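Me: I would like to learn how to read a model like this one, feature by feature. Please give the general idea each time, and then the case at hand.

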Amino acid sequence: MKRRSLYLIVFCLFISLFMTSCHKVCTCTGYDGRVHEYTSEEVDAHAGGNCSEMTDFPVSSHYSYCHW
């Protein structure tokens, strides 16, 4: 009984860590080839939730393209 409870707790912890570790990321590639990632919160704050609109953040025409 104790062992089963322990396995259940460990399994629940594993699942909760797995479910919370996956985050949506907006990846932007600069004209120089450098890549920068923005969280969905940053995209919401600077581009109204539209990742492709992040090409102009922080300055106009900063990235060649951005995608989720």
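**Strand pairing and what surrounds it**

Reply: Start with one pair of residues: Thr 27 stands opposite Glu 37 in β2. Keep in mind throughout that this is a predicted model.

Me: How do strands of a sheet pair in general?

Reply: Strands of a sheet pair through backbone hydrogen bonds, and the pairing is either parallel or antiparallel. Here β1 and β2 run antiparallel and are joined by five bridges. Another pair to look for is Thr 29, whose bridge partner in β2 is Val 35.

Me: How many residues lie between the strands in the hairpin of β1 and β2, and which residue there takes a positive phi?

Reply: Four residues lie between the two strands, and Gly 33 takes a positive phi near 95°.

Me: How many bridges join β1 to β3?

Reply: Four bridges join them, and β1 and β3 run antiparallel. Within this pairing, Gly 30 has Tyr 63 of β3 as its bridge partner.

Me: What is the order of the strands in the open sheet?

Reply: The order is β2-β1-β3, three strands with antiparallel pairing. β2 (35–39) and β3 are at the edges with a single partner strand each, so one side of each lacks a neighbour in the sheet. On average, neighbouring strands of this sheet are turned by 20° against each other, direction ignored.

Me: Where do these strands come in the chain, and how many helices are there?

Reply: The chain has two helices and three strands. Read from the N terminus, the elements run α-β-β-α-β. As for packing, α2 lies across β1 and β2, and its direction is at about 90° to β2.

Me: Is β1 largely enclosed or left open by the rest of the structure?

Reply: The cut-off to use is relative accessible area: under 20% counts as buried. Five of the six residues of β1 are buried, so β1 is largely enclosed by the rest of the structure. For the protein chain as a whole, buried residues make up 19% of the 68 residues.

Me: Which residues form the largest nonpolar core?

Reply: It has nine residues: Cys 26, Cys 28, Tyr 38, Val 43, Ala 47, Cys 51, Met 54, Tyr 63 and Cys 66. The elements giving two or more residues to this core are β1 (25–30), α2 (40–47) and β3 (63–67). To trace the surroundings of one member, take Cys 26: beyond its neighbours within four places in sequence, its contacts include Tyr 38, Val 43, Cys 51, Met 54 and Cys 66.

Me: When can side chains of opposite charge pair?

Reply: They can pair when their charged atoms come close. The count of salt bridges in this model is one. Arg 34 forms a salt bridge with Asp 32, and the closest N and O atoms are 3.7 Å apart.

Me: Are Arg 34 and Asp 32 buried or exposed?

Reply: The cut-off for exposed is over 50% relative accessible area. Arg 34 counts as exposed because its relative accessibility is 64%. Asp 32 is exposed too, with a relative accessible area of 56%.

Me: What does the protein chain expose as a whole?

Reply: The chain exposes about 5,500 Å², and carbon and sulfur atoms supply 61% of it.

Note on methods. Residues are numbered from 1 along each chain as its sequence is written. This is a predicted model: local features need pLDDT of at least 70, side-chain atom pairs count only at pLDDT 80 or more; totals for chains, interfaces and linings use all residues. Side-chain values use heavy atoms; hydrogens and water are left out. A nonpolar core is a set of buried Ala, Val, Leu, Ile, Met, Phe, Trp, Tyr and Cys residues joined through side-chain atoms within 4.5 Å. Buried means under 20% relative accessible area, exposed over 50%, partly exposed in between (1.4 Å probe, protein chains only). Contact means heavy atoms within 4.5 Å. Accessible areas come from the Shrake-Rupley method with a 1.4 Å probe; for residues, only the protein chains shown count as cover. Two strands pair if DSSP finds at least two bridges between them. Axes are lines fitted to C-alpha atoms, for helices over the stretch in contact, and angles run from 0 to 180 degrees between N-to-C directions. A salt bridge is a side-chain nitrogen of Lys or Arg within 4 Å of a carboxyl oxygen of Asp or Glu.
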